[in-house]
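Trainee: Could we go through this model together, one question at a time, with the reasoning spelled out?

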There are 2 protein chains.
Amino acid sequence: MPRSRVHNLLISLDGFSAGHRVTLETPFGGAEALIPFFDGRVIDGVGGLPDAVHADHAFFSMWGQGIGAEIMGRRKFGPHTGEWLDDGWDGWWGDAPPFLTPTFILTHYPRDSIEFENGTSFHFIDASPAEALRRAEEAAEGKDVRIGGGPSTVNAFLRDDLIDFMHIVVVPIVLGSGVSVWQGLDGLEGRFDIESVTTGSGLTHQLWNRVPRD
Amino acid sequence: MPRSRVHNLLISLDGFSAGHRVTLETPFGGAEALIPFFDGRVIDGVGGLPDAVHADHAFFSMWGQGIGAEIMGRRKFGPHTGEWLDDGWDGWWGDAPPFLTPTFILTHYPRDSIEFENGTSFHFIDASPAEALRRAEEAAEGKDVRIGGGPSTVNAFLRDDLIDFMHIVVVPIVLGSGVSVWQGLDGLEGRFDIESVTTGSGLTHQLWNRVPRD
């Protein structure tokens with residue numbers, strides 16, 4: 001059975017993964033202090049890394065393994081809100097977004113799809129989490145679906161019990177405010193088996209596996 | 001710069017990775033107690049795993065990332081010694097060996113190459129570690145070369161300082177005897193930066209990165 005998986009979700013000690021104000025200068029909305037703890041060079045594997053391979057890289061590199069589609073929130077796609085501007089915005093990632101699969105962007109303002117030569121395509125849908133997952137699973141053709149964030153999107157999928165696996169990275173910093181993936185999810189841990197591993201960098205990697213549903 | 005990498009090298013607490021007597025029934029030569037601690041289902045990634053994804057899987061799944069060729073010792077290829085028998089032996093792995101790249105087998109008895117439809121090819125060469133690495137690097141076309149073991153082969157490459165990265169898995173069992181990767185390598189740790197991480201299963205994953213050569 002294909003799964004829905006969350007990867008590389010960085011969370012501060014006080015529970016925040018992003019700030020509230022996403023702008024062109026602050027894509028993490030004010031939670032930019034999390035960024036140095038992540039190494040995006042290895043999301044497709046540790047081959048070619050020009051310096052040392054660390055334990056954190058092993059965890060980060062699971063991101064693309066066996067993934068056939070992604071779902072992301074609109075705030076991950078860009079800083080816009082409301083009606084789309086006619087400004088040619090096609091995401092933060094230039095001509096070669098790293099997703100390499102169909103990618104569904106949740107928005108109340110659907111627009112035309114965008115296709116890239118590297119296999120990435122962006123599809124803008126106004127759908128519930130369950131309906132979005134159904135469409136992404138169909139597009140994934142038997143592979144897993146990544147719930148790509150941000151934290152509000154992961155929160156919505158967790159509320160509806162639509163996540164099978166999460167790789168959470170607890171980062172040893174305090175942000176003070178921001179968007180929390182945990183909001184309103186008291187007792188969530190009861191639905192998962194959780195393994196925690198701390199590495200030499202001070203990061204704690206948590207692997208949350210949904211316990212089998214009855 | 002492409003690297004030479006060792007992955008998933010399981011070692012008992014007393015330092016053994018294989019037994020001395022490889023037969024058809026005992027491919028690990030008597031060190032079969034190591035096998036249950038390894039999960040070969042994830043060497044190409046955690047996608048499609050039918051049960052929980054654990055931290056050990058993240059480490060195991062680095063095996064194939066960015067690899068363009070492998071070098072292995074003859075005892076990894078099969079139980080034969082001396083002149084080859086005309087028995088059609090083409091390895092333990094059936095019609096689809098997992099290597100998916102050119103694979104060089106060190107032997108004093110060269111024989112014709114074997115090619116498989118999945119991209120794996122076996123080439124039998126009588127060469128020093130340095131010469132074998134040169135040939136494998138050429139075949140890897142810019143990707144990394146995996147030094148695939150067994151322990152005697154890794155030992156020979158370490159003696160000649162030809163390893164850039166090692167993922168070693170310390171397994172909490174005692175074997176009592178066998179083949180050691182460490183034989184004659186007193187002080188080896190001085191050439192590497194070493195990170196150790198222990199997971200919930202009791203395995204300790206060590207990442208050995210060669211310190212930059214002057």
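Trainee: Which residue of E6(B) stands opposite Ile105(B)?
Mentor: This is a predicted model, and in it E4(B) and strand E6 (residues 121-125) of chain B pair in the parallel sense over five bridges. Within that pairing, the residue of E6(B) that stands opposite Ile105(B) is Phe124(B).

Trainee: On E3(B), which residue stands opposite Thr103(B)?
Mentor: Strand E3 (residues 67-73) of chain B runs parallel to E4(B), and four bridges join them. The residue opposite Thr103(B) in E4(B) is Glu70(B).

Trainee: How many of the residues of E4(B) are buried?
Mentor: Pro102(B), Phe104(B) and Leu106(B) point one way from the strand, while Thr103(B) and Ile105(B) point the other way, and all are buried. For E4(B), residues 102-106, the count of buried residues is therefore, with 20 or more other C-beta atoms within 10 Å as the criterion, five of five.

Trainee: Turning to chain A, how wide an arc do the buried residues of H3(A) cover?
Mentor: Helix H3 (residues 129-140) of chain A has twelve residues, and those that are buried are Pro129(A), Ala132(A), Leu133(A), Ala136(A), Glu137(A) and Ala140(A). They lie on the same side of H3(A), because the arc that they cover around the axis is only 135°.

Trainee: Which exposed residues does the face of H3(A) turned away from its buried side carry?
Mentor: The buried residues of H3(A) pack against several elements of chain A, among them strand E1 (4-12) and helix H4 (151-159). The face turned away from that buried side carries the exposed residues Glu131(A) and Glu138(A).

Notes. Residues are numbered from 1 along each chain as its sequence is written. Chains are lettered from A and ligands numbered from 1 in the order in which they are written. This is a predicted model: local features need pLDDT of at least 70, side-chain atom pairs count only at pLDDT 80 or more; totals for chains, interfaces and linings use all residues. A residue is buried if 20 or more other C-beta atoms lie within 10 Å of its own, exposed if 12 or fewer, and partly exposed in between; C-beta atoms are placed from the backbone. Helices (H or I, at least four residues) and strands (E, at least two) are DSSP runs, numbered from the N terminus. Two strands pair if DSSP finds at least two bridges between them. The expected span of a helix is 1.5 Å times one less than its number of residues. The arc is that of the directions from the helix axis to the C-beta atoms. Two residues are in contact if their C-beta atoms, placed from the backbone, lie within 7 Å.
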